[in-house]
Every structure is written in C-alpha cells, then in structure tokens.
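Welcome, and please take a first look at the model below. This report walks through its open and closed spaces, and then through some of the side chains around them.

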Amino acid sequence: MTGAPARTLLLWCPDWPVLAAEIVDGVPATGPVAVLHANRVVACSERARAEGVRRGLRKREAQGRCPQLAVVEYDPGRDARAFEPVVAAVEELVAGVEVVRPGACAVAARGPGRYLGGEEAAAERIIEHVAQSCLVESQVGIADGVFAAGLAARAGRVVAPGGTPEFLAGLPVEALGRSALADLLRRLGVRTLGDFAALPAGDVLARFGFDGALAHRLAAGRDHRPLAVRQPPADLTVTAEHDEPIDRVDAAAFVARALAERLHERLAGHGLACTRLGIEAVTEHGQELHRVWRHDGLLTAAAIADRVRWQLDGWLSGSNGRAGARPARPTAGIIRLRLIPDGVIAQAGLQAGLWGETGEERERAHRALSRVQGILGPEAVVTAVLGGGRSPADQVRLVPWGDERVPARPGPPADAGADPATGRGAGGVPPWPGRLPAPAPAVVLPSPLAATVHDAAGEPVVISARLAVSAPPARLVVGTGQPAEIVGWAGPWPVDERWWAPVEARRRARFQVSLADGAALLLAVEAGQWLVEAIYD
C-alpha cells in the first residue's frame, strides 16, 4: 500500500488527564488543576493556564504562579478507565473506533460522512452526542491520516482532501510529539514540518533511525499505516483461556502482562512490530467485548501490556463517566482474552536489546527472570533506570523487571552532557545544578559510611559556610578502620537544596579523593560530618 492515507475523523478531549481526575477522583476541573509526572506539569486546566501554569513547568514554579493550584499525580490507567464511556458513546454512532490514547479516538471518515450528511455534519453530530451522553466537551478534526487529523482536532478544522501536506507544512516540529527529535532538528535549522518533510527520506533514516523515518512520513502527510504491506498471519493472535472467571482488575493486569509478552515474542520471531492492537474479551455469560488501540510508533511488550491493562480496567470497573449512563460493567467475569495484532510493520533498523531481540538467548533470559519474580515476587528482579539528580543515588531508580522504565526525575541521559551552545542537556532538558562531573562511580552505597578526614598536621579538615577548605585533605579514616593516605582530591561541589523549607533544607558538599592504595571514593560533608557515598572503579 503506497496510496494516500485514508480520510480520518479524530475526536479529541482537551485536558483529558484533568477531566479524568474529576471523573474518577472528584477533583473539580473548573478550578486551577495541574497533573504532574516526574515533578513536571503534563496537563492543566483552563483556570490554571489563566494563572500562568504551562506544560513542562516544575511543580514549584507552577505553584509559585498559582498558589491555590490543586496538584494531581499522572495516572494513565485512570485516564483510560475514564475514557471508556466516551469511546462507547462514539461507537453508538460509528463503527471501527480506534483508541489513539486516553482522550483521543479515531475512525474512518468515509462512513460517517455518508450516512450523517457529510464530514462536517458528522463531526457536529459526534461532538453533540458525546456532550449529551458523557457531559464531556470535545473537538473533532478531519484530515488525511490519523496524525494530521489529531492536529486538525486541536484547531477544530476539517482539512480538505489532498490539503494535508499544506496544512502540516507550516506547523513547528514540536507537533511531532518527539521532544528530543524536535530539539535536535531545531539545532540543525529545521523548524517546521515542511522543512523536515523536504529532507531526503534515506538521509533521515540514516541520521535519525527508524522512529525518525516514521516521523518524517508523518510530517509529509503520509500516515505510517501504509507501511503495513500485508495482513498479519492468523497465528500471530494470542489467546488465554481461564477456568476461573476474571472479575478483579489486579488479576486482569497479571494476565495482561503475560499475554502481552507472548504476543511481543511471537511478533519478534517474525521480525514484526505491532502498531495497532485489537483486544477481545468473552465473559462467562457469552458477552463479547472488543476495542482497538492505535500507536504512532512501535508497541513494545510493556506498551502492549499497559494498553491491555487499561482496557480491562475500563471494562471491569464499569466506569460510568460524568453522565452515569454507560458503559455497564460486564455481567460476569472474563473467561477468554485475545490479543490481535491488527497492524504490523517490519521491525527494521531497531537497536537490539542486551540479549538480542529475537534469539533464543533473550527468550531464555526473560523466562528465567520472570520465573524468579514468580517465586520471590516482582521486586526480586530489578533494573536500573537513569534520570536526573545531583548525586549518584538520586539519578538511579530501580524498577521491577518488565515494568515501564520511567526515570524518577527528568534529566538528560547519563551519556549526554549539556549542549555548549545552549547550556541545556540532551533533548532540551535543563541540567541539574551541582551535578557531579563524569565519570560516575561504580558502586553507590545503600547507606553512607561515617568517616573522618585530617590534614597533614593531624587536624580535622573543616569546610566553612563559604566553602573554604581549612587545609588540604591528607588522611582518611572510614569508621573504625585504619588511616589511608589521600594522594589526590577534587572539589568541593556544593549542593544547597530546598533552602526555602527549613524542615526539608539540606546543604552539603562533595569531594572526589584518590587513596595511596589505588582506591577512589566519593565523599560528602554535611553538618560537619564526613561520609563515604560511593566508590569509583
């Protein structure tokens, strides 16, 4: 398939995470509300925007602009559960609804345009029906392809057939939704989607990889769906049968994760990746449930598991939305769950994982680690995720094997320093002031060890309030151990955190020291006490 993308109608609910917090948790969306993820604002209400709150702000800055701001933690499961009544309402008028993400769903525009009196009439009818059924305000955009329809929905536009490339050309590269790519393109002088689309496709693939090539197709108005040049074989579908009906969300989440892993491994064995996922469930009373989820990139095993869990949560919780009318909770538990890779593309140009991507070694490693988790619990096998922070302990978050690898704090990757031209980290993320310079220590101690540091005369080394060192460090004693000679040192690197909150304030300085026996340590001094925080290789 190399033809033009199909006409697509996309319904978008503005500020959906804020509305979902109101629907599920009762937080009034009419007041100043901000939804935070990793201490940054990812969505905010209209009232909060009027007070100067914007996406990307840190929590402290957002609260400084709006002291009465209500803060809600980001919960994609809550967003998906609250969105299920909206999708059900749209499905009452049109068939073949695809959930793009919580807060947005798409459908082919041809059918509704025919039997509802044209595309604009269909858009108005769907908006009105969602408002009446769910008490949710929405906007509809129509264009060639899902990506362009999503951008058109934000402006409430109907783009004429064939006019999508022109509509996209003047939009900034940030519209791609890929912050790191957009930041890099801007530094290269590429500022609009039209500029990006004008680049040769082969050069884009070589420079930016497979995801960059997908973004290049979107910028040119060519939806990536035509890349699925064939229907997936029937044996790619995975099914789980259950003797005991599943009626609890936690049990459904466990089943979803295992089934998602099976689907991902089966696709990887064929060199394929999923872009559209069909989720089917059958209850004990024979009720059939079906939903399609769509993704602009490639659905990983974790992404598949998340979408299945969100959908099962939406079905089993029976969330009624604002109107309290639909959808009803299934009359019985689920006895059959099936995942259908409704859209696949060749998995080319991707970086292989630690054990490869489709080989026997990766499957054996995953089975072994999952088995350990099954015996000892999910927290028994963890992997490290690097994020932002000033100390080595702050920069690392341990997540259970198979869970989403999200850093605890935003920050540039460990292998990417600040851009000398802009002073910003990779992907445009500001660097952390007071962050230790490279190299990173090899071992971070769970609990720092108490130590003493003396100068050549045997006097304790003291750090003044102005960070003046009383004398060069000469000897180090860790705990009750023997003195060790210090042959080299660097520092101090001061950190003054949360000085505005006396109870939480913390002020310390760090030093790197090398010892005569070849060891290298990271020391910190806080309130006059020396501590060993980490060990260098």
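## Spaces, helices and rings

The second largest pocket holds about 870 Å³ of space. Lining it are 36 residues, and Arg390, Arg409, Trp432, Glu497 and Arg498 are the closest to its centre. This is a predicted model, in which local features need pLDDT of at least 70 and side-chain atom pairs count only at pLDDT 80 or more, while totals for chains, interfaces and linings use all residues. Residues are numbered from 1 along each chain as its sequence is written, and side-chain values use heavy atoms, with hydrogens and water left out.

A few terms will help here. On a 1 Å grid over the protein atoms alone, a pocket is an open set of points with protein on both sides within 12 Å along at least five of seven lines, a cavity is a set of points where a 1.4 Å probe fits but cannot get out, and lining residues have an atom within 4 Å of a point. Points are joined across faces, edges and corners, and a volume is the space filled by probe spheres set on them. Helices (H or I, at least four residues) and strands (E, at least two) are DSSP runs, numbered from the N terminus.

Which element gives the most to the lining of the second largest pocket? That is β14, with four residues. Elements that each supply at least two residues include α3 (59-65), α15 (392-395) and β16 (484-497). By class, this lining has 18 nonpolar, four polar and 14 charged residues; Ala, Val, Leu, Ile, Met, Phe, Trp, Tyr, Cys and Pro count as nonpolar, Asp, Glu, Lys and Arg as charged, and the others, Gly among them, as polar.

Now to the closed spaces. The count comes to two cavities of 30 Å³ or more, set out here.

| Cavity | Volume | Largest contributor | Lining by class |
|---|---|---|---|
| Largest cavity | About 50 Å³ | α4, four residues | Seven nonpolar, two polar, one charged |
| Second largest cavity | About 40 Å³ | α7, three residues | Five nonpolar, three polar, four charged |

Around the largest cavity you will find Ala80, Phe83, Glu84, Val87, Val99, Pro102, Trp293, Trp310, Gln311 and Gly314. One of these, glutamate 84, sits in helix α4 (residues 76-91). Is glutamate 84 buried or exposed? Glutamate 84 counts as buried because its relative accessibility is 5%, where buried means under 20% relative accessible area, exposed over 50% and partly exposed in between (1.4 Å probe, protein chains only). Its side chain makes a polar contact with that of tryptophan 315 (3.5 Å). Such a contact is a pair of N or O atoms within 3.5 Å; within protein, one must be able to donate a hydrogen and the other to accept it, and residues adjacent in sequence count only if both atoms are side-chain atoms.

The lining of the second largest cavity includes Val146, Phe147 and Ala148. These three are also among the buried residues of α7. Eight of the 10 residues of that helix (residues 146-155) are buried, so α7 is largely enclosed by the rest of the structure. After α7 comes glycine 156, with a positive phi near 65 degrees.

Next, the rings. The structure holds five aromatic pairs: rings of Phe, Tyr and Trp (its six-membered ring) pair if their centres lie within 6.5 Å, with planes under 30 degrees apart counted as stacked, over 60 as edge-to-face and the rest as tilted. Tryptophan 293 and tryptophan 310 form a tilted pair, because their planes are at 55 degrees, with ring centres 6.0 Å apart. Tryptophan 293 lies in strand β10 (residues 288-299) and tryptophan 310 in helix α13 (residues 301-317), so the pair ties together parts that are 17 residues apart in sequence. Both tryptophans, 293 and 310, are buried. Tryptophan 489 and phenylalanine 511 are also tilted, with centres 6.1 Å apart and planes at 45 degrees. Tryptophan 489 is in strand β16 and phenylalanine 511 in strand β17, 22 residues apart. Tryptophan 489 is partly exposed at 36%, whereas phenylalanine 511 is buried at 1%. Trp489, Phe511 and Trp530 form one aromatic cluster.

Finally, the cysteines. The whole structure has zero disulfides, a disulfide being a pair of cysteine sulfur atoms within 2.5 Å. For cysteine 44, the closest cysteine sulfur is that of cysteine 66, at 9.7 Å, too far for a bond. Cysteine 44 is buried at 3% relative accessible area, and cysteine 66 is buried at 0%.
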